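Please look over the sequence and the model shown here, and then follow the paragraphs below, which begin with a single packing between two elements and widen from there.

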Amino acid sequence: MKKNIRLIAGAIILILLLIFISSTGTDIFTTLLLLAGIVLVVIGLRGRKVEANPHVLPSLTKEREAHYLKSGMSAREIELFRETMNQSKQQIDQFQKNIARNNKLKAIDLRHDALRASKALFKELVKEPTKLPLANHFLYTHLPNMVDLTDKFIEINEHEIKSRETYEKIEESTQIIEQMASLIAKDYSQFVADDLDDMDIELSIAKQSIKRDNE
C-alpha cells in the first residue's frame, strides 16, 4: 500500500514537472538540476530520524500491564510508577553519557559500580514495582543529584582556560561525586538486602535437611 502511494506521488511529481517544462521552455540541464534537487530533499526527509521525546511514556505492553495489576497496583499507581521510572531511565542514560566523556568519572565508577548499581536497581523495581517506596532516596535524591553533579563537572572540566578556583571546584566536585557514587551503591545493597536474607534462610534450611539425611 505504501509502495503504491509512493509510485502515485512520483508520477504526479513527474507530470507536474513535464507541465512546468512545456509551459516555461526550460532547458534539459536546468530540468535535471531541479529533479536532482527534489530527489535529494526527499532522501533527506526520509533519512531524518525523529528524536524521541523523553517526556512521552513508552507504550505499555499487555504483559507489563498484567504484571503491574497482578502486583495489586491501581491504574493511577501504574501511571505514577511509569512516569517515575521513565524519568529515572533518562537520568541513568545521562549519567552513563557523562561517565563516558571523562576519565575521572570513569575511575570513580570503576571503584563504586554506581552506574551498574543504578541499572540493576532499576531492573529490580520493574520486577517488583510495589517496592518503589524503598528506593525513595535513590530515585528522588541520589540519582538526580549525581546527574546534576556530573553535568556540572563535565561543563567546568571542559573550560578551555582553567583558573585556580576552577581546579578547586573540580577537586571538590570529584570528592562529592565519589561520595554520591558510594551512596548509590549502598542504595542497591539495601534494596536487595531482604532477598539476601531470604537466601540465607533457604541455605540454612537446605543445610539442615542435608545434615538430617546424612545422619
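In this predicted model, a good place to begin is the contact between two helices, where A114, A117, S118, A120, L121, E124 and L125 of α6 meet A181, I184, A185, D187, Y188 and F191 of α8. Sorted by class, the residues in this contact of α6 with α8 are ten nonpolar, one polar and two charged. Helix α6 covers residues 114–127 and helix α8 covers residues 164–191, and the two pack at an angle of about 35° with their axes 9 Å apart. The crossing that α6 and α8 make is left-handed.

One member of that contact, S118, deserves a closer look, and you can find S118 in helix α6. Is S118 buried or exposed? Its relative accessibility is 0%, and therefore S118 counts as buried, since the word applies to residues under 20%. The residues that S118 touches, leaving aside those up to four places away in sequence, are I92, F95, F138, L143 and I184. The C-alpha atom of S118 is also separated by 9.5 Å from that of L139, a residue 21 places apart from S118 along the chain.

Two of the residues touched by S118, F138 and L143, are among the buried residues of helix α7, a list that also includes L139, H142, P144, M146, V147, T150, F153, I154 and I156. The buried residues of α7 are covered by surroundings that include α4 (75–101), α5 (103–112), α6 and α8. Helix α7 itself runs over residues 136–157, and its 22 residues reach 30 Å from the first C-alpha to the last, which is close to the 32 Å expected at 1.5 Å a residue. Where does a kink lie in α7? A kink of about 30° lies at H142, shortly before the proline P144.

Helix α4 can be read in a similar way, beginning with its span. The 27 residues of α4 should span 39 Å at 1.5 Å a residue, and because the end C-alpha atoms of α4 are 40 Å apart, the two values agree. The buried residues of α4 are I78, F81, R82, T84, M85, N86, S88, Q91, I92, F95, N98 and I99, and I92 and F95 are also touched by S118. Against which helices do the buried residues of α4 pack? They pack against α3 (62–70), α5, α6 and α7.

From α3 we can take one residue, H67, which lies in that helix. H67 is partly exposed, with a relative accessible area of 26%. Not counting residues up to four places away in sequence, H67 touches V126, K127 and P129. Although H67 and K127 are 60 residues apart along the chain, their C-alpha atoms are separated by 8.4 Å.

A further pair brings us to α5, the helix in which R111 has its place. With 52% relative accessibility, R111 counts as exposed, because that word is used for residues over 50%. The C-alpha atoms of R111 and E178 are separated by 8.8 Å, while the two residues are 67 residues apart along the chain. After α5 the chain passes into the loop between α5 and α6, and D113 is found in this loop. D113 has a positive phi of about 55°, although D113 is not a glycine. Its relative accessible area is 29%, so D113 is described as partly exposed.

With these parts in mind, we can turn to the whole protein, which has nine helices and zero strands. Along the sequence, the pattern therefore reads α-α-α-α-α-α-α-α-α, each symbol standing for a helix taken as a run in DSSP. Of the 215 residues in the protein, 26% are buried. Which part of the contacts joins residues that are at least 24 apart in sequence? Among contacts between residues at least 6 apart in sequence, 70% are of this kind.

Definitions and conventions
Residues are numbered from 1 along each chain as its sequence is written. This is a predicted model: local features need pLDDT of at least 70, side-chain atom pairs count only at pLDDT 80 or more; totals for chains, interfaces and linings use all residues. Side-chain values use heavy atoms; hydrogens and water are left out. Axes are lines fitted to C-alpha atoms, for helices over the stretch in contact, and angles run from 0 to 180 degrees between N-to-C directions. Helices (H or I, at least four residues) and strands (E, at least two) are DSSP runs, numbered from the N terminus. A crossing is left-handed if the near helix is turned anticlockwise from the far one by less than a right angle, and right-handed if clockwise. Contact means heavy atoms within 4.5 Å. Ala, Val, Leu, Ile, Met, Phe, Trp, Tyr, Cys and Pro count as nonpolar, Asp, Glu, Lys and Arg as charged, and the others, Gly among them, as polar. The expected span of a helix is 1.5 Å times one less than its number of residues. The bend at a residue is the angle between axes fitted to the seven residues ending there and the seven starting there. Buried means under 20% relative accessible area, exposed over 50%, partly exposed in between (1.4 Å probe, protein chains only).
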